[in-house]
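Trainee: Could you take me through a close look at a single part of this model, and set it against the overall picture of a chain?

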Amino acid sequence: MFYVSIFFQYVAQYMKTRMQYRTDLLVEILSDLLFQAVNLIFILVVFGHTQFLNGWVRDEIIFIYGFFLVPYALFSSFFNIWDFNDRYIVKGELDRILTRPIHSLFQIILERMELESLFGVITGLIIMIYAGSNLGLTIEWYDVIIFILFVIGGALVYASIFIMLASIGFWSDARTSIMPMMYNIGNYGRYPVDIYNKVIRFTLTWILPFAFVGVYPASYFLGKTEWQFYAFLTPFMGVSFFVLAVILWNHGVTKYRGAGN
Amino acid sequence: MDKYLEMIRIRFLMMLAYRTNYYSGILIYSINIGAYYFLWTAIYSGKEEIQGLSVIQMTTYIAVSWMARAFYFNNIDREIALEIKEGKVAIELIRPYNYLGMKTMQGLGEGIFRLLFFSVPGMIIVGFIFPLNFATSLTTWGYFTVSIILSFIVNSQINLLTGIMTFFLYNNDGLIRAKRVIIDLFSGLLLPISFYPGWAQQIMGVLPFQAISYIPSMIFTEGFTGQEIVNGLLIQLVWVVVLIIPIQALWLFAKKQLVVQGG
C-alpha cells in the first residue's frame with residue numbers, strides 16, 4: 001500500500017511539472033503520434049508495391065504493429081531508463097536514491113516516468129480495430145483477458161531487457177550506447193519473424209525475446225495456429241525475464257561503489 | 001576563420017574521448033541495416049525491381065543513407081536549447097564569434113569524426129555481411145561528396161532553426177523530437193521518396209527535407225543519372241540559400257526578446 005500511495009504522489013508531482021510547459025507537452029504528444037504514424041506509413045507505402053510479406057497480408061502486419069504499440073506504450077511510460085548509466089551512475093545520483101527506504105529500481109522508474117507516452121495505448125487500439133475489422137476478426141469475451149495478459153507480458157519483456165542493460169552499469173561505469181541499439185533491435189519483433197534467418201529468429205525468441213512484444217502474441221488474435229504455442233508463452237516469458245532482471249539489479253546494487261563526487 | 005577551424009578540431013577531439021560509443025555505434029548501424037536488409041528482401045521476394053530500384057540498389061540505398069546520416073546528423077539543436085535554458089547563451093552572445101556559426105562548426109567536427117571512425121569502418125563491415133553494390137565510378141563519388149556536404153548544411157540549418165525556437169517556446173524537447181521524426185520520414189531515410197504515392201511526392205518535393213537524405217543516397221546508388229544528378233544538387237543548393245533567411249530573421253528577433261531563465 002505504501003508503494004501505491006508513493007506512486008500516486010509521484011504522478012501528482014509529475015502532472016504539475018508537465019503542466020508548466022503546456023505547449024511543449026502538446027508538441028511532445030503530437031510528436032509521439034507522428035512517430036507512431038511513421039511506422040504505419042512505412043507499412044502502407046511498402047504494401048503499395050507488394051501484396052504479401054512471406055504470406056502475411058498488409059492488414060495482418062498493421063495489426064501486429066497496432067498490438068506492439070500497446071505494450072510499448074506501457075514500457076516507455078514507466079521504464080524510461082535508457083540514460084540510467086549517465087544520469088545515475090556517472091553523475092552519482094544513485095547515492096541519493098540508495099539512502100531512501102524504497103526499492104531503488106522503483107524510485108528510478110517513478111522519477112523517470114513519462115506518462116504522456118500512454119497515448120500510445122489509444123493509437124495502438126485504434127490501429128488494431130482498423131486492421132482487425134478489415135480482416136473480419138471476431139472477438140470472444142475471454143480475448144480481452146488474454147489481450148491484457150499478453151500486453152503485460154510484452155511490456156515486462158521490454159522492461160526486463162532494459163533493466164538488465166541498465167544493471168550492467170553497476171559493474172562498468174563507462175559510457176556506452178547499448179541502450180539505443182536495443183531500441184533498434186526491438187523493431188525486429190514487429191515484423192513476422194519468419195522473414196529473418198534462423199539465428200535472428202532464435203535470438204528474438206529466446207535471448208532478446210522482442211518477438212513476444214509483437215508478432216507472437218498478435219498472431220493469436222490473427223488466428224495463426226502455428227504460432228499459438230509462442231503466443232501463450234508471452235506472459236511466462238515476461239514474468240520470468242522480469243524476475244531475472246530484478247535479481248540482477250538487486251545483485252548489481254550491492255556492487256555499486258558510488259561515483260561522482 | 002582560425003577560431004572556427006579550432007572549434008572543429010576541439011569537437012573532434014572531444015568525440016575521440018568516448019571510444020566505446022563508436023564501437024557500439026558501428027554495431028547499432030549494422031544491426032539496423034541488417035533488419036532493413038531482411039525486410040526488403042522479403043518485400044521484393046522475386047520482384048526484379050520496384051520503382052526502378054533493384055533489391056541490391058535498395059539495400060545499398062538503406063546502407064548509404066544510414067551511413068550518410070552519421071555525417072550530417074548532430075545535436076546542435078539540443079545543445080542550443082540547453083544553453084538557452086541554462087542561461088549560458090547570454091555569455092555566448094558577448095563572445096567574439098558568431099554563435100550560430102560556431103555551433104555549426106561544432107556539428108561539423110562531430111560529423112567528420114563520425115564519418116572517419118564510424119561510417120567508413122561501418123560501411124566496410126556491412127559490405128562484407130550483406131550483398132551491397134558500391135559505386136565504382138569516381139564521378140559518382142565526387143557528386144556524392146558534394147551532395148552530403150550540402151546535406152550537412154541543410155540539416156544543420158534546420159537544427160539551428162529548431163534550436164532558436166527555444167527562445168520562444170522556453171522548453172522545446174517536443175519540437176526537437178517532432179523534427180527528428182519528420183526528417184526521418186520526409187528526407188527519404190526510411191523509404192526512397194519515389195516509393196510514395198504521387199500526391200505525397202509532390203508535397204515532399206516542395207519541402208527541404210529531401211535535400212538531407214534522398215538526393216545523396218539516390219546519387220550514390222545511381223538511381224539518379226545525368227541531368228537528375230544536377231537537378232538534385234541544385235535543389236540542395238537552393239535550400240541552403242533559402243534557409244538562411246528564416247534563420248537570420250528569427251535570430252535577430254530572438255536576441256531582442258531574450259529571456260534568460262536562471263543562469
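Mentor: A contact here means heavy atoms within 4.5 Å, and that cut-off is worth keeping in mind for what follows. The model is predicted. In chain A, residues 24 or more positions apart account for 78% of the contacts with a separation of 6 or more. The secondary structure of chain A comprises 12 helices and 2 strands, and along the sequence these elements follow the order α-α-β-β-α-α-α-α-α-α-α-α-α-α. The radius of gyration of chain A is 19 Å, which agrees with the value near 18 Å that a compact globule of 261 residues would have, while its C-alpha atoms fill a box of roughly 60 × 45 × 35 Å along the principal axes. Of the 261 residues in chain A, 54% count as buried, and of its accessible surface of about 12,200 Å², 68% belongs to carbon and sulfur atoms. As for charge, chain A carries 16 positive and 17 negative side chains, with the centres of the two sets lying 6 Å apart.

For the single part, let us turn to chain B, where B:Thr104 sits in helix H6, which covers residues 99-129. B:Thr104 counts as buried because its relative accessibility is 18%, and the cut-off for that label is under 20%. Once its neighbours within four places in sequence are set aside, B:Thr104 is in contact with B:Ile76, B:Phe152, B:Ser156 and B:Leu160.

Key: Residues numbered from 1 in each chain as written. Chains lettered and ligands numbered in written order. Predicted model: local features only at pLDDT ≥ 70, side-chain atom pairs only at ≥ 80, totals over all residues. Heavy atoms only, no water. Helix = DSSP H or I, 4+ residues; strand = E, 2+ residues; numbered from the N terminus. Rg over C-alpha atoms; globule rule 2.2 N^0.38 Å. Buried < 20%, exposed > 50% of the residue type's maximum accessible area, 1.4 Å probe, protein only. Areas by Shrake-Rupley, 256 points an atom, 1.4 Å probe, with all protein chains shown as cover. Lys, Arg positive; Asp, Glu negative; His and termini not counted. Charge placed at Lys NZ, Arg CZ, Asp CG, Glu CD.
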